[in-house]
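Student: I'm new to this one and would like to understand the words people use for it. Can we go through them together?

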Amino acid sequence: MRSPVKARNASVAVIGAGDFIGSAIAKRFAREGYLVVAGRRTTAKLEKLKDAIESEGGRCLARALDARKEEDITGFLKAADEAAPLEVCVINPGANVNFTILETTERVFRKVWEMACYGGFLAGREAARLMIPRGRGTILFTGATASVRGGVGYAAFASAKFGLRALAQSMARELGPKNIHVAHLVIDAGVDTEFVRDRIRARGGEAAVDNLAEDQLMHPDSIANAYWFLHTQTRDGWTFELDIRPFMEKW
């Protein structure tokens, strides 16, 4: 059995609390006593996460938000801070799409940028506004292989993720002296989800899935541990960028 959770007077806001990475991060911080304020497009999709956290003795508030809307982000983070002082903000929206350059419409390019870059700006700025007066906090941005390398079919996604990385770097330089740790994580591999397995199956058939080695795909809990590690670093040894991948990933 897990040890009883000791509640902290602090909240962690998880923007993009999806079923895998986002949920794993939320659960990891909940087990450390943080009030989790979880956000995604619909609250109905957060019920499973909320139930899982509360079944372990943790605390979770579920809120609907559109990460591309300034008023949604402002209201979401304000509510988190009012429930318990905002100590951590995890910015984890998706937007991973694949289109050839000729198939990439203006609408696709703009919406991917709004989700993966513009939304990060809004959340990072609003989190900083709440943290600076207290002189402490952690802001964590989820990146991807596309943050540092553009690939075939990923013009929109890579452009947005490159921009998010630059935003995070600029914020880290500015906010570090204010005792706010800003870090960017490069998730450099497929995550063990049915979505990723379906992609592998589409490329190589059922045999490709059957031949996956143990731990060839990243487990969401392992990724969540990296977020917790960054948050708990002492400020004399802060990491700005952490890239994580399975042992056999080519890079």
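Tutor: Let's start with a cluster: ring pairs link Phe29, Tyr34 and Trp228. Keep in mind that this is a predicted model, where local features need pLDDT of at least 70, side-chain atom pairs count only at pLDDT 80 or more, and totals for chains, interfaces and linings use all residues. Residues are numbered from 1 along each chain as its sequence is written, and side-chain values use heavy atoms, with hydrogens and water left out.

Student: Why is the pair of phenylalanine 29 and tryptophan 228 called edge-to-face?

Tutor: Rings of Phe, Tyr and Trp (its six-membered ring) pair if their centres lie within 6.5 Å; planes under 30 degrees apart are stacked, over 60 edge-to-face, and the rest tilted. Here the centres are 5.0 Å apart and the planes make 75°, so the edge-to-face label fits. Phenylalanine 29 belongs to helix α1 (residues 21–31) and tryptophan 228 to helix α8 (residues 220–231), 199 residues apart. Helices here are DSSP runs (H or I, at least four residues), and strands are too (E, at least two), numbered from the N terminus.

Student: What makes the pair of tyrosine 118 and phenylalanine 121 tilted?

Tutor: Their planes are 35° apart, with 6.3 Å centre to centre; that angle falls in the rest, so the pair is tilted. Both sit in helix α4 (residues 106–131), three residues apart, which is about one helical turn.

Student: Why does tyrosine 118 count as partly exposed?

Tutor: Buried means under 20% relative accessible area, exposed over 50%, and partly exposed in between (1.4 Å probe, protein chains only). Tyrosine 118 has 26%, so it is partly exposed. Phenylalanine 121, at 33%, is partly exposed too. Phenylalanine 29 and tryptophan 228, on the other hand, are both buried.

Student: What makes α1 mostly covered?

Tutor: Nine of its eleven residues are buried, including Ile21, Ala26 and Phe29.

Student: How do you know that α4 and α5 are roughly parallel?

Tutor: α4 and helix α5 (residues 155–175) pack at an angle of about 15°, with axes 7 Å apart. Axes are lines fitted to C-alpha atoms, for helices over the stretch in contact, and angles run from 0 to 180 degrees between N-to-C directions. Angles under 35 degrees count as roughly parallel, over 145 as roughly antiparallel, 65 to 115 as roughly perpendicular and the rest as oblique. The angle between α4 and α5 is therefore in the roughly parallel range.
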